[in-house]
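Let's take a walk through a protein chain together, starting with the whole and then stopping at a few residues. Keep the picture open as you read.

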Amino acid sequence: YKNGLGVDRDYEKAISWFLKSANEGHPGAQNSLGEMYKNGFGVIRDYKQAIKWYLKAAKQDNISAQNSLGLMYEYGLGVKKDITQAIYWFIKVADKGNVRVQHKIGLLYLNGKGIHKNDEEALKWFTKVVCF
């Protein structure tokens, strides 16, 4: 229902189904609820609810949720802006081989964006991207 594939798009029905699965512990559904709350699809935009669902999914190793949490912390959406916490979540994604996130971490260290500038750490992450 979320994407309207084979059925009419219906965010309320999508949320209903996601909630059923999410409450049973399904990380994909938990991540989808995070997206719905983050973007205000079928619900009033609520970053704190998005964080709640992303965190449940991320703790079950859902890469999308981990990346979303990193972004929420990077930009201070629903939480206090915290680059250290953002990097914590980004590293979980990067360690699974996501080159875009590896590059992002390298840039954060290179530019000292919210953290202490560290050229060696930046080089370590950029090297992972090149060696991919």
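**A walk through the chain**

Start with a small detail: the side chain of Asn62 comes within 2.9 Å of the backbone nitrogen of Ala65. Before going further, bear in mind that what you're looking at is a predicted model. So where does Asn62 sit? Look in the loop between α3 and α4. Asn62 has a relative accessibility of 16%, and because the cut-off for buried is under 20%, Asn62 counts as buried. Setting aside residues up to four places away in sequence, Asn62 touches Pro27, Gly28, Asn31 and Ala57.

Now zoom out. How many helices and strands does the chain have? The count is 7 helices and 0 strands, so if you read along the sequence you simply get α-α-α-α-α-α-α. Along the principal axes, the C-alpha atoms fill a box of roughly 50 × 30 × 25 Å. The chain has 132 residues, and 34% of them count as buried. If you take the contacts between residues at least 6 apart in sequence, 37% join residues at least 24 apart.

What about the outside? The accessible surface comes to about 7700 Å², and carbon and sulfur atoms account for 52% of that. As for charge, there are 20 positive and 13 negative side chains, and the centres of these two sets lie 2 Å apart.

Next, pick out helix α2, which covers residues 27-39. Here's a check you can follow yourself: at 1.5 Å a residue, its 13 residues should span 18 Å, and the C-alpha atoms at its ends are indeed 18 Å apart, so the two agree. Which residues of α2 are buried? They are Ala29, Gln30, Asn31, Ser32, Leu33, Gly34, Met36 and Tyr37. These buried residues pack against α1 (11-23), α3 (47-58) and α4 (63-75). Just past the helix comes Gly40, which has a positive phi, near 70°.

One member of that buried set deserves its own stop. Gln30 lies in helix α2 and has a relative accessible area of 4%, so it is buried. A polar atom of the Gln30 side chain lies 3.1 Å from the backbone oxygen of Ala22. Leaving out residues up to four places away in sequence, Gln30 touches Ala22, Gly25, Trp53, Tyr54, Lys56, Ala57 and Gln60. Did you spot Ala57? Asn62 touches Ala57 too.

Over in helix α1 you'll find Ile15. Is Ile15 buried or exposed? With a relative accessibility of 9%, Ile15 counts as buried. Beyond its neighbours within four places in sequence, Ile15 is in contact with Leu33, Met36, Phe41, Gly42 and Val43. Leu33 and Met36 are among the buried residues of α2. Take Val43 as an example of how the chain folds back: Ile15 and Val43 are 28 residues apart in sequence, while their C-alpha atoms are 8.6 Å apart in space.

For a last stop, go to Cys131, in the segment after α7 (119-130). Cys131 has a relative accessible area of 62%, and since exposed means over 50%, Cys131 is exposed. Cys131 and Leu108 are 23 residues apart along the chain, and their C-alpha atoms are separated by 19 Å.

Definitions and conventions. Residues numbered from 1 in each chain as written. Predicted model: local features only at pLDDT ≥ 70, side-chain atom pairs only at ≥ 80, totals over all residues. Heavy atoms only, no water. Helix = DSSP H or I, 4+ residues; strand = E, 2+ residues; numbered from the N terminus. Buried < 20%, exposed > 50% of the residue type's maximum accessible area, 1.4 Å probe, protein only. Contact = heavy atoms within 4.5 Å. Areas by Shrake-Rupley, 256 points an atom, 1.4 Å probe, with all protein chains shown as cover. Lys, Arg positive; Asp, Glu negative; His and termini not counted. Charge placed at Lys NZ, Arg CZ, Asp CG, Glu CD. Expected span 1.5 Å × (residues − 1). Polar contact = N/O pair within 3.5 Å; in protein donor to acceptor, adjacent residues only side chain to side chain.
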